[in-house]
Amino acid sequence: MELQDAWQALEKRSVAVFALSYDSVEVLAAFAERRGITYPLLSDEGSHTIRAAGLLNEEHLVEQHAFYGIQTRDEQRGVAYPGTFVLDEAGVVTAKYFEQSYRVRPTARIFEEFATGVARPDPSPDAAQASRQGLEVRAWTDAPTYRPYQQVRLHVEMRLAPETHVFASPVPDGYTALSFEVDPLDGLTIGTPELPTPQPFSIAGLQDRFMVYEDTVRTTIPLLFTSNLGSTGITLRVHAQICTPLVCFPPNATRVDVTLNGLDLIRD
Amino acid sequence: MTLSPQLPSVDFSRIGPAVGARFPDVRLPDQTGRLVDLHTERGARRALVVVYRSARW
């Protein structure tokens with residue numbers, strides 16, 4: 001499990017880690033041995049705790065399985081909705097996190113951020129880079145690998161040269177707004193990036209007020225592979241029209257390529 | 001006409017302990033057979049509780 005990768009960092013920050021499933025102690029012992037898991041895997045055989053905590057998936061399991069073309073087996077009854085709970089020092093739930101698709105699994109990095117409350121990571125030193133007209137784009141992912149149905153986040157940092165700006169949507173007529181676009185791939189689901197709030201901008205002598213971005217813009221594009229495509233190039237295009245207070249350059253796209261290595265879905 | 005199956009939309013706010021509520025007491029054996037009391041083991045530390053489907057499938 002991804003959690004083992006996050007465990008050391010969490011332990012260092014004094015965050016206790018527990019995992020809970022309806023598996024027997026024997027199954028968990030074999031699993032822990034195979035994967036080198038050191039945090040407690042709690043065994044709720046019979047699903048009494050899962051039921052009491054309101055986590056039992058009775059209602060949706062068969063439907064969820066049907067969606068993936070799977071027949072629910074008897075021994076799968078009693079399974080919990082997979083989710084993550086963050087507890088504070090008093091044991092109070094401060095956040096909980098579930099995915100509509102039970103197949104979607106968070107990465108170690110996301111587990112860490114959940115528990116530590118540190119939101120967006122800084123660019124990794126080996127982030128892919130491109131630049132044009134004083135605009136620098138860096139793109140990187142949480143890990144250099146992906147597994148099917150694991151959440152992959154493509155982080156982007158765009159830096160503008162001093163005294164330049166790009167327009168935010170909606171744009172004045174004839175201008176191009178900043179947008180981030182990932183080239184489509186079969187087997188890749190591309191989420192929508194959330195852009196930061198732009199700044200109002202006006203030009204002396206003109207009545208119009210525009211919304212622009214200056215300095216640094218950071219965003220994250222959620223990605224999800226539905227199969228292992230092997231080594232895969234992700235192409236990000238940053239569409240922007242760079243302007244100085246005096247002149248706007250023609251709109252253009254800055255392309256950054258990030259390569260990710262595919263790993264197989266962990267089924268056990 | 002066959003209806004293609006749809007992924008049910010689940011309201012997760014009502015699944016499991018609510019945000020703002022104390023996580024329930026959990027006393028269960030771990031993979032070594034040792035009985036673990038979640039809140040005792042946690043002590044005064046914060047915690048991450050990951051509920052997952054199964055180690056087998």
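This is a short talk on a predicted model with a chain A and a chain B.

Thanks for coming, everyone. Let me begin with confidence, since what we have on screen is a prediction. The model scores ipTM 0.87 and pTM 0.65. For chain B, the mean pLDDT is 85, and 86% of its residues reach 70 or more. Within chain B, strand β2, residues 35-37, has the highest confidence at 97, and β3(B) has the lowest, at a mean of 91.

Let's stay with chain B for a moment. Chain B has one helix and three strands, and along the sequence they follow the pattern β-β-α-β. Chain B has 57 residues, and buried residues make up 28% of them.

Now to the place where the chains meet. How many residues of chain B are in contact with chain A? The count is 42 residues of chain B, in contact with 60 residues of chain A. On the chain B side, β1 (27-29), α1 (38-42) and β3 (46-51) each supply at least two residues. Which of the elements gives the largest share of that side? That is β3(B), with six residues. By class, the side of chain B that touches chain A has 26 nonpolar residues, with eight polar and eight charged ones.

Please keep β3(B) in view, because there is also strand pairing across the two chains. Strand β1 of chain A, residues 15-21, is joined to β3(B) by six bridges, and the two strands run parallel. If you would like a spot to zoom in on, A:V15 stands opposite B:R46 in β3(B).

Let's move into chain A, starting with helix α2, residues 25-35. Which residues of α2(A) are buried? They are A:L28, A:F31 and A:A32. These three cover an arc of only 100 degrees around the axis, so they sit on the same side of α2(A). The other side of α2(A) has exposed residues, namely A:E26, A:E33 and A:R34. As for what the buried residues of α2(A) pack against, that is β2 of chain A. Just after the helix, A:G36 takes a positive phi of about 65 degrees.

Next, the strands of chain A. Strand β8(A) is a good one to follow, with partners in β6(A) and β14(A). Strand β6, residues 135-141, is joined to β8(A) by six bridges, running antiparallel. In that pairing, A:A139 stands opposite A:V156 in β8(A). Strand β14, residues 216-225, is joined to β8(A) by nine bridges, and this pair runs antiparallel. Here A:V152 has A:L223 in β14(A) as its bridge partner.

There is also an open sheet in chain A, made of four strands in the order β7-β16-β15-β10, with mixed pairing. Which strands are at the edges? They are β7 (145-146) and β10 of chain A, each of which pairs on one side only. Inside that order, β15, residues 232-240, and β16, residues 252-262, run antiparallel and are joined by nine bridges. One facing pair to find on screen is A:V238 with A:T254 in β16(A).

Before I finish, a few backbone details in the loops of chain A. A:S47 has phi near 60 degrees, a positive value in a residue other than glycine. A:S47 lies in the loop between β2 (41-43) and α3 (48-52) of chain A. Is A:S47 buried, partly exposed or exposed? A:S47 has 19 other C-beta atoms within 10 Å, and buried would take 20 or more, so A:S47 is partly exposed.

A:E163 likewise has a positive phi, about 65 degrees, although it is not a glycine. A:E163 is found in the loop between β8 (151-159) and β9 of chain A. With 11 C-beta neighbours inside 10 Å, where the limit for exposed is 12 or fewer, A:E163 counts as exposed.

The last stop is a cis peptide bond, from A:S169 to A:P170, with omega near -10 degrees. A:P170 lies in the loop between β9 (166-167) and β10 (179-182) of chain A. So β10(A), the strand on the far side of that loop, is one of the edge strands of the open sheet we just looked at.

That's my tour. Happy to turn the model around for anyone who wants another look.

Definitions and conventions
Residues are numbered from 1 along each chain as its sequence is written. Chains are lettered from A and ligands numbered from 1 in the order in which they are written. This is a predicted model: local features need pLDDT of at least 70, side-chain atom pairs count only at pLDDT 80 or more; totals for chains, interfaces and linings use all residues. Two residues are in contact if their C-beta atoms, placed from the backbone, lie within 7 Å. Ala, Val, Leu, Ile, Met, Phe, Trp, Tyr, Cys and Pro count as nonpolar, Asp, Glu, Lys and Arg as charged, and the others, Gly among them, as polar. Two strands pair if DSSP finds at least two bridges between them. The arc is that of the directions from the helix axis to the C-beta atoms. pLDDT is the predictor's confidence in each residue, from 0 to 100.
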